[in-house]
Amino acid sequence: MANKCILTGNLTKDNELKQAGQTQVLKNTLAVKREFKKDETDFINIVAWGKTAELIAKYTQKGSKLLVIGRIQTGSYDAQDGSKRYTTDIIVENIEFIGGNKQNKESDFLGDPIDNGEIPF
C-alpha cells in the first residue's frame with residue numbers, strides 16, 4: 001500500500017516552532033490552487049517534525065511557496081463543546097523551496113561559493 005502526496009502551494013501564516021518532547025514541531029496551512037478551477041483553492045494542514053520543521057521555520061514565512069512531499073494522516077479529538085472533531089494532515093517528509101523572497105539569498109541555502117581557480121573547459 002502507498003500513502004504519498006505531493007503539494008505545491010503558499011504558506012498561509014507565519015511559522016511557529018513548538019517543542020514536542022525532544023524535538024521541534026511546526027504546523028501550518030498550505031494554500032493549494034486547484035489545477036482546473038483557477039478561482040478555487042484548497043487549504044491543506046501540514047505538520048513537520050525535527051530538522052524539517054526547523055528548515056521551514058528558518059527559510060520561509062507567510063506567503064512563501066513550498067513543495068511538500070508527505071503522507072496523509074487522519075485523526076480525531078474531542079472538542080471543548082463535547083463534539084468529536086476530525087482532522088486530516090499532511091505529515092511532511094521532504095520539502096523543496098520554490099522561488100525565493102527578498103530576505104533569503106541563494107547563499108543562505110547553499111553556503112558560500114567555492115573558488116577552485118580557473119574552470120578547465
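## Fold, core and a buried serine

Of the 121 residues in the chain, 28% are buried, in what is a predicted model. The accessible surface of the chain amounts to about 9300 Å², and carbon and sulfur atoms account for 49% of that surface. The chain holds two helices and six strands, which follow one another from the N terminus in the order β-β-β-β-α-β-β-α. Among contacts in the chain with a separation of 6 or more, 54% are between residues 24 or more positions apart.

The largest nonpolar core is made of 15 residues, and those with the most contacts inside it are Leu30, Ile56 and Leu66. At least two residues of this core come from each of the elements in the table.

| Element | Residue range |
|---|---|
| Strand S1 | residues 5–11 |
| Strand S3 | residues 23–33 |
| Strand S4 | residues 41–49 |
| Helix H1 | residues 50–59 |
| Strand S5 | residues 65–78 |
| Strand S6 | residues 84–97 |

In soluble globular proteins, nonpolar side chains tend to be buried together. Leaving aside residues up to four places away in sequence, leucine 30 touches Leu7, Gly9, Asn10, Leu11 and Thr12, together with Asp42, Phe43, Ile44 and Ile46, and also Leu66 and Val68.

A polar residue merits separate mention: serine 64 is located in the loop between helix H1 and strand S5. Serine 64 has a relative accessible area of 11% and therefore counts as buried, the cut-off being under 20%. A polar atom of the serine 64 side chain lies 2.9 Å from the backbone nitrogen of glutamine 61.

Conventions. Residues numbered from 1 in each chain as written. Predicted model: local features only at pLDDT ≥ 70, side-chain atom pairs only at ≥ 80, totals over all residues. Heavy atoms only, no water. Helix = DSSP H or I, 4+ residues; strand = E, 2+ residues; numbered from the N terminus. Buried < 20%, exposed > 50% of the residue type's maximum accessible area, 1.4 Å probe, protein only. Contact = heavy atoms within 4.5 Å. Areas by Shrake-Rupley, 256 points an atom, 1.4 Å probe, with all protein chains shown as cover. Polar contact = N/O pair within 3.5 Å; in protein donor to acceptor, adjacent residues only side chain to side chain. Core = buried A, V, L, I, M, F, W, Y, C linked by side-chain atoms within 4.5 Å.
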